[in-house]
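Here are a few exercises to work through with the model open beside you. Try each task before you read its solution.

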Amino acid sequence: MNKVIKKNLGGWLIMLPSIVLFIFFVWLPLASNVSLSLFETVGYTKVKFIGLDNYKAVLNDPVFVKAFMNTLKYTFWSILIGFAFPIFLALLLSEIIHLKGLFRTLIYFPNIVPGLAVVIMWKYLFNPEPHGTLNAILEVFHISPQIWLNSQNLVIPLIVLTMTWKGAGATTLIYLATIQGIDNTYYEASRIEGATLWQRIRHITLPHLIPTIRMLFILQIITVFQVFYEPLVMTSGGPNNSSISLLQLIYKYAYMREDPNGISKAAAIGVIVAIMLFILTFVYLKLTKEKE
Amino acid sequence: MEHLKSKRDGLLIFSDYKKTPFKILYGLMVLIIMIAIIVTVFPPIWLFLSSFKSAAELDSPPFTLFPEKFKLSKVVELWNWLQFGRYYLNSLWLILGALFCSILFNGLLAYAISIVKPVGHKIVFTLVMISLMVPVILNMGPLLQNIRNVGMTGTYLPLWLVHGANPFYFILFKVYFDQLPKTLFEQAQLDGCTKFQMFRKIVVPLSRPIVMVVSIFTVNAAWSDFLLPYLVLSGESAKQPVMVMIYSFYDNLGRQQGLTLDRLLMIISISIIPTIIFFIIFQKQITSSVATTGIKE
Amino acid sequence: MKKYFSLLVILLVLVMMAGCKNNDKIKITIGMWPEPFMTDDVEMFNEWKRLFEEDYPQYEIEGKPYTYSVDTFFPMANNGTTPTVFQTWFTEPQKLIKNGFVKDITQPLKDLGWYDKMDPEMREALTHEEKVYGVPRDGYGLGLFINLSIFEEVGLVDDWNNDGVLDIVDQDGNPRYPETFAELKQTASYITQTEKTLYDKNVAGLVILSANNNGGWQFSNIAWNFGAELQKQNQDGTWVSNLNSPEAIEALTWIKEMKWEEETLPASASLTYGDWYNKVATGQAAMAFAGNDAISMPITNYNMNKDHVAFVPMPEGPNGEQYSLFGGTPYMFASQATDEQIKGALLFLEYMGRSPEMSEVSKQSMRVGMETAVAKGMPILPTIKPWINEDYLTYANLLEQQYVNVEMSNFQDFYDRFHDMRKAEEPYYTQDMYEILDACIQQVLTRETANPSALLASANAQFQTQYMSQINE
C-alpha cells in the first residue's frame, strides 16, 4: 500500500490543483444543479424536496417548448447554412492559385472578431427600416425592403447566418488542411484512368474528408445547443419567442424573472440540456476516436 | 498565367486549366471567393464608417455608407470621455492571468495523465472528457454561488482560474504530449529525475509549439468573453474589461445621456483594432493552429 | 513548480489585502454615483461628499457607480456587495423585498419625519406588509411625445403666436393633438399618408415599444384606457390574472390595426426603451408613447430642437377612461447595511437635494442640480415630485419656474391633468407580466393573421398558472 502511494504521490500532486479547478468550475456546479432541481428554493437555499415538480413546471411552460423547438430549428439551419458552405469554400480555395494566402487570411478574419462585437454589428446591419443597410443594398437590385430579424420565419436562419459569418472561415481552414493533406498520387492515378473532375471529387476528395466532416458535424450540433448570447443581444429571443434558446431561458429563469422558484427551475432546464449534451458528446467522442 | 504552371497537384492541375471549360470554371471559382471575401470584409468596414456618423445621421434616411465628415477627434473625445484606457488595462490584466492559469493547470493535468499516469488517471480523464461540452452558462447559478462561497466575487481570480479548467486546452496538451518520444522520459527516470524535474527539464522546453497554440486560443477567449466577467464583476464597474463595458453600454443604450448608437459602434470599432493587430502579428500561428487542431476557438 | 505556487499564494494574499482597508469611519457606498465619464455629475457629487463629510466627520462616502439591471443585481446582492444605497425602478421593490435583498427603513424614516411627507402612492409601491423599504427619487407618467416639425409639415400645427416656437395649442386655445385613441389612429394614419404623397417619405405615425418588457409596460396603459384591468381581485380577496378581457383584446386589436390596416407603425417589432426617440428625433416617426422623465433624451442625444417638442396626455379610450401609467425611480438600501449606515445614507440624500428637508444645503443642492442640467443642454420641465410637504413643493416649483427653458404651453396639459390621470403599475409580477405581453405584441406586429383574442387567452392562462396562482397559496 505504502509503495503504491509513494509511487503515485508525485503524479497525484501534479493533478491536484487542476482537479480542484475542474471540481470548482464544472463538476460541483453540475452536481449542484441536479440537486437544486429537485427542491423548492428561496434564492439558493433549499426549502423543501419536491421531486420532479420543477421538471413538470418547466415542461408545462409554453416558452420552454418553444425554446426546445427553436433549438431543433437552429440545428437544422446551421446544418443547412453553416455546414456545407465551408466544405465548398475549402474545395475552391485549395484549387485557387492567385492570392491564395490573402484569401485564406481574409476568410478567416471574422473568426477573431469578438462574438459580442459580431452580434451587435449584425443586429444593426439587419435594420428593418427601408433605409437600413441591407435594405439599401436590396434596393439596388430592386428588391423590396425586408424586416429581417423581425420576421418569425427568418430570425433563426439570420442568427445562424451571423454565427456562420463568424465561424465559417475557421471551419474552411480545417477542411482545407485536410484536403491539402491528400496524397497527390491518388489524383494522378485517377487522372490516368480518365476520371472526370466530379468523379475525382466524389471518389477521392470527399472520402478523405469524411472523418473530418463527421467530427465537425457533431461539433456543430453541440455548438448550436450552446446558442445563448446571439439571440440575447440580437433579438432578446423575439419576436414572440421565436428565437429564444434553451440557455437563454435558463438565464431568464435564474436572473430575470420574479419566479420564486426560478433558481431551481433554471437548474432543471440545465439538467435537461446537460443530458442532451452528454449524449451528443458521447457520440462525438466515439467519432473522433474512429478518426484517430 | 505563369502562376498556373506551378499548380501540379490537387483536384485540378495546370493541364486542366488550359482547357476552356476549366478556364471558365476557374473564373467562377475566383468570383465566388471574391463574393465570400466581400461578405466577410464589408460588415467591419460598414461598422468603421458608421461609427464616424453622428447619432442622428446614423438613423436618418436615406442610407449612406460614408459619414458626412471624418473627425478623428471623435475617437479621442470618446476615448477620453469613457476613460477607455482603464478598460484596456483591465482586459490586459485579465488576459495575463488567464494565460498563466490556462497553460499551467491544463498543461500539468495533461502531463500527469499523458506521461506520469498515476493510479486513477483514467477516471480523471473520463471526467474531464465528460465536461468537454458543458457550457459555463449552463451551471452559471451554482457556479456563481461557489465563487461567492469562497469570497472571490468581484475579483479577477475566478476569471483567471476558469481558464485553468478547460477541457479543450487539456486535450490539446494531451494529444501533444502523447506524441513525445517515450524514451526521453524513460532515460530521465533512470537518471533519477523526479516528476517535477522531468516536467521542467523535458516537457517545458519541448512544449513551445503547443503552448503557443493554447495561448492564442486563451488570449482570444479571455478578450472576447463577457458573460462571466459581467456577472462576477457586477457592481465593480472600475474593474470591468472592455467586452463587459461594451455590453453594459449596449444594455443601457439610450437610457443615459450620451450613450448613443454611433458611440457604441465606435467603441466596438476601437475594440476590434487590438484584435486585428494581434491577428496580423500571429497570423501564421493562428491559421495553422486552427487547421491542425480542428478547434475553432 | 514551487515558484508557481508561491506566486499564486502571493497573488491570493495581495487580492485579499486589497479587499480590507482599515479605517474607523462608517463607510457608506453610493450606488447612484455617476460613472466617471459623466464628469459634470461627478464634480457635483464630489462637492456633496465634501460638504457631507465636513458636517458628519464620522462618515466616509464612497462612490460605487452601479446601474441597476435585473440580471446583475441578483449575483451582486447574493454576494452581499450591494452598495449601501442604490437606484432602481418601481417595478422592482416587491421582488427585492421578497428576496430579502433590501432593508426595512420605516423607523429611520419616521425618526427623520420623512414618512408622512412621502407621496402616499409612491410610498405604497415601496411598502410590503406595512414596512417601507425605500425613498422615491422622482416619478414619471406616460404620455404622448410629439415631433412638432412633422406635425407642421403635414399642416396640423403652426407657430400660431409667431414667437418662433411651434404650438400644439392654437390661437383659440384648442389643442391640436389627438385626444382619443380613435383620433390618435386617424392622426397617425393621416401623417403617414400625407408624408408619403407630399414628400415621398416613410414616416411612422406612432412608435409603440415592443421588447425587453417595454411592450407590456406601454400596453398596460393602452389597455387601461380601453377599460381593461390586467390583474383583478375576486370577491374572496384572491388576485387573478385578467389579461384577456374584451377591453384588453380591443386594445391589442387597436395596435394590430395600426400596424396592418393603417400601416403607420415602424417596421421593427423589437423596439426597446431608447428606440422611440431616435425614430422621433430623426423624423422617422411623428409620435411616441414615453415617460415624461425621458423628454430630454431626444434633445440631448439627438440634438432635437426643444421648440419642436410637445408632450401631451395619454389619449382617452372609447369608454371615456383615461389613465397615465405612473412609475418612478426609488432609492433602496442594502439588506446588510447597519442602522448607522442607513442613517448616514438617508442624511446624504439631503445633501443631494433628494429629501423633503428644506435646509440651506438641500436647497443649494437642488439649485446646483438644476444648473448642471441646464449646462448639459437639457430642457427644464416640471418633475413628478416624490415629497408632498408644502415647503418642499413651494421651493421645488419655484426653482422649476426659474429655470424652465421650454414653451410650457406645449407641455401644460400633461402636467395639469397628470394628477387625476395617474395610475400605478399592476401590483403582482409586473415585469413577468410585461414579458408575456411583449410576446403578444410582437406577434400582432409580425403576423397579419394574428388573433388578439386567442393570443391574450393563452397569455392569460400562462400568467395565471406560472405566476398569479402562487400569490394566493
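**Exercise 1. Two domains in one chain**

How many residues of domain 1 of chain A are in contact with how many residues of domain 2 of chain A?

Before starting, note that this is a predicted model, in which local features need pLDDT of at least 70, side-chain atom pairs count only at pLDDT 80 or more, and totals for chains, interfaces and linings use all residues. Residues are numbered from 1 along each chain as its sequence is written, while chains are lettered from A and ligands numbered from 1 in the order in which they are written.

*Solution.*
- Step 1: Set the bounds. Domain 1 of chain A covers 1-36 and domain 2 covers 50-291, with bounds that come from an automatic or database domain assignment.
- Step 2: Apply the contact rule, by which two residues are in contact if their C-beta atoms, placed from the backbone, lie within 7 Å. Four residues of domain 1 of chain A meet six residues of domain 2 of chain A.
- Step 3: Sort the domain 1 side by class. In this scheme Ala, Val, Leu, Ile, Met, Phe, Trp, Tyr, Cys and Pro count as nonpolar, Asp, Glu, Lys and Arg as charged, and the others, Gly among them, as polar. The side of domain 1 of chain A that touches domain 2 has three nonpolar residues, one polar and no charged.
- Step 4: Take the centres over C-alpha atoms. Those of domain 1 and domain 2 of chain A are 34 Å apart.

**Exercise 2. The partners of chain A**

Describe the sides through which chain A meets chain B and chain C.

*Solution.*
- Step 1: Begin with chain B. Here 88 residues of chain A contact 78 residues of chain B.
- Step 2: Find the main contributor on chain A. Helix H1 (residues 2-36) of chain A gives the largest share of this side, 22 residues. Helices (H or I, at least four residues) and strands (E, at least two) are DSSP runs, numbered from the N terminus.
- Step 3: Classify that side of chain A: 64 residues are nonpolar, 21 polar and three charged.
- Step 4: Turn to chain C, where 25 residues are in contact with 22 residues of chain A. Helix H3 (70-79), helix H17 (430-446) and helix H18 (452-471) of chain C each supply at least two residues to the side of chain C that touches chain A. H17(C) gives the most, with six residues.
- Step 5: Classify this side of chain C: eight residues are nonpolar, 14 polar and three charged.

**Exercise 3. A strand and its neighbours**

Which strands pair with E6(C), and over how many bridges?

*Solution.*
- Step 1: Use the pairing rule: two strands pair if DSSP finds at least two bridges between them.
- Step 2: Strand E12 (residues 324-333) of chain C runs antiparallel to E6(C) over seven bridges, and Pro136(C) has Pro330(C) as its bridge partner there.
- Step 3: Strand E10 (residues 285-291) of chain C pairs with E6(C) in the antiparallel sense over five bridges. Phe145(C) is bridged to Ala288(C) in E10(C).
- Step 4: Strand E11 (residues 309-313) of chain C is also antiparallel to E6(C), joined by five bridges. In E11(C), Ala310(C) is the bridge partner of Ile146(C).
- Step 5: Check burial. A residue is buried if 20 or more other C-beta atoms lie within 10 Å of its own, exposed if 12 or fewer, and partly exposed in between, with C-beta atoms placed from the backbone. In E6(C) (residues 134-147), twelve of the 14 residues are buried.
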